[in-house]
Amino acid sequence: MQNNKQLQERIGRLIDALSQGLFERKDVIRLCLLAALSGESVFMLGPPGIAKSLIARRLIHAFRDNHAFEYLMTRFSTPEEVFGPLSIQALKDDGRYLRLTEGYLPDAEVVFLDEIWKAGPAILNTLLTVINEHRFRNGEREVSVPMRLLVTASNELPQKDSGLEALYDRMLMRIWMDRIQDKQNFRAMLVSRQDPMHDPVQPALKIGDDEYNEWQQALTQVALPDAIFEQLYALREQIYQLSQQNSEQQDSMYVSDRRWKKALRLLQSSAFFNGRQKINSLDLLLLKDCLWHDLYARQQIETMLHDFACKSAFGQEQLHISLKRLLAELQQYQREQTKILGCRLSPTKNLLRPQSKSWELDFKTAELSPVAEHYRLIFLQTAYLDPKHPEREIHYATLRRKELMLWLHKQEPVPVRLHEDQSMVTLRFDADVQGTDGQAVLIARDSANRPIALTISGKKGLPEWQTKTWHDQLDTIQKEWRRLRDDVKKQYLLFTAECPHLFLAQDSLTAIEDSFMRLDSEIQNLQYQVEMNQQSLASLIQLAGH
């Protein structure tokens, strides 16, 4: 047997070969080949003329010694047309009821039955036995059926209460197909001269009988890890909850235990042919095409598996929760700093004009001289307030007392001097109301209307215990940020180590990639905020000491 890596590469090349000239059908080829390698059946749903039969014919070329059978069902179809005509000679000589099966379904490795639901009960009942047991009763004998892949197709689902539920449930892989969407692919399809019967598969890639049987034994040894089982069970419970939310759709959301059992074998096959001995989270995404019953269920399960891919497959949601917790801790740090250092404002009681809004500042509590000519504003967060140099970081500004008093009474923008600049810029103050009693703290707002916490320097220096507490808080947040960054990197490496995946569509992998890109962006933003707060604290300590 080939080693895991060689087998994975071979199946990948086989998928590429089978997909040649089939525009926008590679994902369908992937799933159908996986079903064949698992010994499972496929149901294709979609309008006529979208290459369903061509796909089935193409899959025949995956096997070395292959026999195929293809038939378009009608309500007038007879068992003889599917399973073979009766042997007149056997009936005349021995009175035996014997079918001549050569060239018919019981003799084929790949079978395609179009318009499957139009077949009569005699055909469908016999077909159910063939699918279940891979055996066909021919006269007094039961013969083994070599069928590796059954592909059925229709432009409609089986009618409810039509007695077709048992057969439909055996068709594990359910694939929705539509017309070609991309303009250039449509053009290429129109001008293509490729012979539909052309065999694009090199002999070395074709699957032989012995190795196919050997694989069937090997894939049963693929393990279902406890962690993956928990994810699988959570998906099962989620489907059940969805079924309970809409009583009218309970039947469409029902998934039998038999289907879950068959799905596990498909997941084992996916892991095995991807070169692994354990099922992983990516394999679970294949359930999207196994568990739906009708188009309503298909949409629900597709959404559920997409959320699983982006949130749970590699623990992204838990990482987001940890990230939000750190952001909340940083915001709490900022609130505490503002609470201790902020300039407290009280609403002025104006008996003459009760509707007018004005504020009072307790200069004594703030340890500010009520007769000082200038005050120093110290920004507790990095501020960008210079209109001429928007990228410039501003840590402090100079404000005249009369401008401060004017704002307290009229709340108009005030001129300030940034750092040691000679020119003045206009600054907007605001009152950040803290509670129901009307108390507030003074803040500034930048050009984007973002609030910037500030303090007005009064007393000389800050207590050492206070600055140490703030340093420790920021150091703790930074350490937790580093651990979180490493966890995100670890989970991302786990994801990339499992790529590429032979049987998953690229959009599923892209969705997971995007979820990690969002995480990485948020991680970098948190790092930036922590560093800015550290710089602001250092500036605050330095400026408060002058």
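I take helices as DSSP runs of H or I with at least four residues and strands as runs of E with at least two, numbered from the N terminus. The model I am reading is a predicted one.

**Entry 1. R96**

With those elements fixed, I looked up R96 and placed this residue in the loop between helix 5 (88-93) and strand 3 (110-114). I asked next how far the C-alpha atom of R96 is from that of E140. I noted a separation of 8.1 Å for these two residues, which are 44 residues apart along the chain. R96 has a relative accessibility of 31% and therefore counts as partly exposed.

**Entry 2. T74**

I found T74 in the loop between strand 2 (68-72) and helix 4 (79-83). Leaving aside residues up to four places away in sequence, I listed K118 and A119 as the residues that T74 touches. I also looked up the pair T74 and G120, and recorded 8.3 Å from C-alpha to C-alpha across 46 residues of sequence. For T74 the relative accessibility is 31%, so I entered this residue as partly exposed.

**Entry 3. The loop between strand 1 and helix 3**

I looked up two residues here. P47 sits in the loop that runs between strand 1 (41-45) and helix 3 (52-60), and A51 belongs to the loop between strand 1 and helix 3 as well.

Which residues does P47 touch, if residues up to four places away in sequence are not counted? I listed K52, N155, W176, M177 and D178. For M177 I also took the C-alpha to C-alpha distance to P47, which is 7.8 Å, with the two positions 130 residues apart in sequence. The relative accessible area of P47 is 31%, and I therefore recorded P47 as partly exposed.

For A51 I looked at the backbone and found phi near 80°, a positive value in a residue that is not glycine. A51 has a relative accessible area of 26%, so this residue is partly exposed.

**Entry 4. H419**

I noted a positive phi at H419 too, near 50°, again in a residue other than glycine. H419 is placed in the loop between strand 12 (414-418) and strand 13 (425-433). Is H419 buried or exposed? The relative accessibility of H419 is 15%, and buried means under 20%, so H419 counts as buried.

**Entry 5. R276**

I located R276 in the loop between helix 11 (257-273) and helix 12 (281-284). With 12% relative accessibility, R276 counts as buried. I then followed the side chain of R276 and found that it reaches the backbone oxygen of K278 at 2.9 Å. Beyond four places in sequence, I listed V222, S270, A271, D283, E498 and H501 as residues touched by R276.

**Entry 6. The peptide bond before P500**

I looked up P500 and found this residue in the loop between helix 16 (464-497) and helix 17 (506-544). The peptide bond that joins C499 and P500 is cis, with omega about 0°.

**Entry 7. Helix 2 against helix 9**

I looked up how helix 2 (residues 26-38) packs with helix 9 (residues 209-219), and recorded an angle of about 85° with the axes 9 Å apart. Angles of 65 to 115 degrees count as roughly perpendicular, and helix 2 and helix 9 are therefore roughly perpendicular to each other. On the side of helix 2, I found A36, L37 and S38 in the contact, and on the side of helix 9, Y212, W215, Q216 and L219. I sorted the residues of this contact into five nonpolar and two polar, with no charged residue.

**Entry 8. Nonpolar cores**

Which residues touch the most other members of the largest nonpolar core? I found I11 and L113, in a core of 132 residues. Helix 17 gives the most to this core, namely ten residues. I then listed the residues that L113 touches, not counting those up to four places away in sequence: F69, Y71, M73, L105, L127, L150, V151, T152 and A153. Apart from the largest core I noted another one, of 31 residues, which includes A397, L399, V414 and L418.

**Entry 9. G315**

I closed with G315, which I placed in the loop between helix 13 (295-312) and helix 14 (316-341). The relative accessibility of G315 is 26%, so I entered this residue as partly exposed. The C-alpha atoms of G315 and S539 are separated by 38 Å, and the two residues are 224 residues apart along the chain.

Conventions:
Residues numbered from 1 in each chain as written. Predicted model: local features only at pLDDT ≥ 70, side-chain atom pairs only at ≥ 80, totals over all residues. Heavy atoms only, no water. Axes fitted to C-alpha atoms, helices over the stretch in contact; angles between N-to-C directions. Parallel < 35°, antiparallel > 145°, perpendicular 65-115°, else oblique. Contact = heavy atoms within 4.5 Å. Nonpolar A, V, L, I, M, F, W, Y, C, P; charged D, E, K, R; others polar. Buried < 20%, exposed > 50% of the residue type's maximum accessible area, 1.4 Å probe, protein only. Polar contact = N/O pair within 3.5 Å; in protein donor to acceptor, adjacent residues only side chain to side chain. Core = buried A, V, L, I, M, F, W, Y, C linked by side-chain atoms within 4.5 Å.
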